[in-house]
Amino acid sequence: IPKLIKKYKSKGLTQLNDEQREFIYKGISNLETLMQLKKFEEAIEVANEILQVDQSNSQALSILEKAEKKEKQKIETELQEKFRSNAKELKTEYKENKDNFIRL
């Protein structure tokens, strides 16, 4: 029992009940899995749920920051790819129908 108390104190979980502790541990495990699967949007949701139970959970905060950063990068990459593909389509369309375009 003293080892468990020491373990919980080091993680800041002494003020939480057993259900909350279990929820946090399972949530952190799920967060790590979601990050490995590159499901950043779901990881953000899970991290926020954990932080609703324990606002000072450093693991959840750290993973939340990483997930938000990765999700932002993912969105930026997708946008860049769309811009590139649209630019190629516009170039071919311009070559085919120059009369439909107005140069500024």
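**Exercise 1. Surroundings of Ala 67**

Find which residues Ala 67 touches, leaving out those up to four places away in sequence, and decide whether Ala 67 is buried or exposed.

Solution.
Step 1. This is a predicted model. In it, Ala 67 has its place in helix H4.
Step 2. With neighbours up to four places away in sequence not counted, Ala 67 touches Met 35, Phe 40, Ala 43 and Ile 44.
Step 3. Buried means under 20% relative accessible area. The relative accessible area of Ala 67 is 0%, so Ala 67 is buried.
Step 4. Ala 67 also lies 7.4 Å from Glu 41, C-alpha to C-alpha, although 26 residues separate the two in sequence.

**Exercise 2. Helices H3 and H4**

Work out what span helix H3 should have, and compare that with the distance between its end C-alpha atoms. Do likewise for H4.

Solution.
Step 1. The expected span is 1.5 Å times one less than the number of residues.
Step 2. Helix H3 covers residues 40-53, which is 14 residues, so a span of 20 Å is expected; the end C-alpha atoms are 20 Å apart, in agreement.
Step 3. H4 has 39 residues and should therefore span 57 Å; the distance between its end C-alpha atoms is 57 Å, which agrees.
Step 4. At the N-terminal end of H4, Asn 57 acts as a cap: one of its side-chain oxygens is 3.1 Å from the backbone nitrogen of Gln 59.

**Exercise 3. Buried residues of the two helices**

List the buried residues of H3 and of H4, and state what the buried residues of H3 pack against.

Solution.
Step 1. In H3, the buried residues are Phe 40, Ala 43, Ile 44, Val 46, Ala 47, Ile 50 and Leu 51. They pack against helix H2 (18-36) and helix H4 (58-96).
Step 2. In H4, the buried residues are Ala 60, Ile 63, Leu 64, Ala 67 and Glu 71. Their cover includes H2 and H3.
Step 3. An α-helix has 3.6 residues a turn, so residues three or four places apart point the same way.

**Exercise 4. The loop residue Lys 38**

Where does Lys 38 lie, and what is unusual about its phi?

Solution.
Step 1. Lys 38 is in the loop between H2 and H3.
Step 2. Its phi is positive, about 60°, although Lys 38 is not a glycine. Most residues other than glycine have a negative phi.
Step 3. The cut-off for exposed is over 50% relative accessible area. Lys 38 has 57% relative accessibility and so counts as exposed.

**Exercise 5. Salt bridge and surface patch**

Which residue forms a salt bridge with Lys 26, and which residues form a nonpolar patch on the surface?

Solution.
Step 1. The salt bridge count comes to one. Lys 26 pairs with Glu 22, and the closest N and O atoms are 2.9 Å apart.
Step 2. Both residues belong to helix H2; because they are four residues apart, about one helical turn separates Lys 26 and Glu 22.
Step 3. Glu 22 has a relative accessible area of 45%, so it is partly exposed.
Step 4. The nonpolar patch consists of Ile 75, Leu 79 and Phe 83, which together have about 310 Å² of accessible area. Ile 75 lies in helix H4 and, at 39% relative accessibility, counts as partly exposed.

**Exercise 6. The whole chain**

How many helices and strands does the protein have, and what percentage of its residues is buried?

Solution.
Step 1. There are four helices and zero strands, running α-α-α-α from the N terminus on.
Step 2. Of the 104 residues in the protein, 22% are buried.
Step 3. The protein exposes about 8700 Å², and carbon and sulfur atoms supply 50% of that area.
Step 4. Among contacts between residues at least 6 apart in sequence, 43% join residues at least 24 apart.

Key:
Residues numbered from 1 in each chain as written. Predicted model: local features only at pLDDT ≥ 70, side-chain atom pairs only at ≥ 80, totals over all residues. Heavy atoms only, no water. Buried < 20%, exposed > 50% of the residue type's maximum accessible area, 1.4 Å probe, protein only. Contact = heavy atoms within 4.5 Å. Patch = residues over 30% accessible without salt bridge, like charges linked within 9 Å, V, L, I, M, F, W, Y side chains within 5 Å. Areas by Shrake-Rupley, 256 points an atom, 1.4 Å probe, with all protein chains shown as cover. Salt bridge = Lys/Arg side-chain N within 4 Å of Asp/Glu carboxyl O. Polar contact = N/O pair within 3.5 Å; in protein donor to acceptor, adjacent residues only side chain to side chain.
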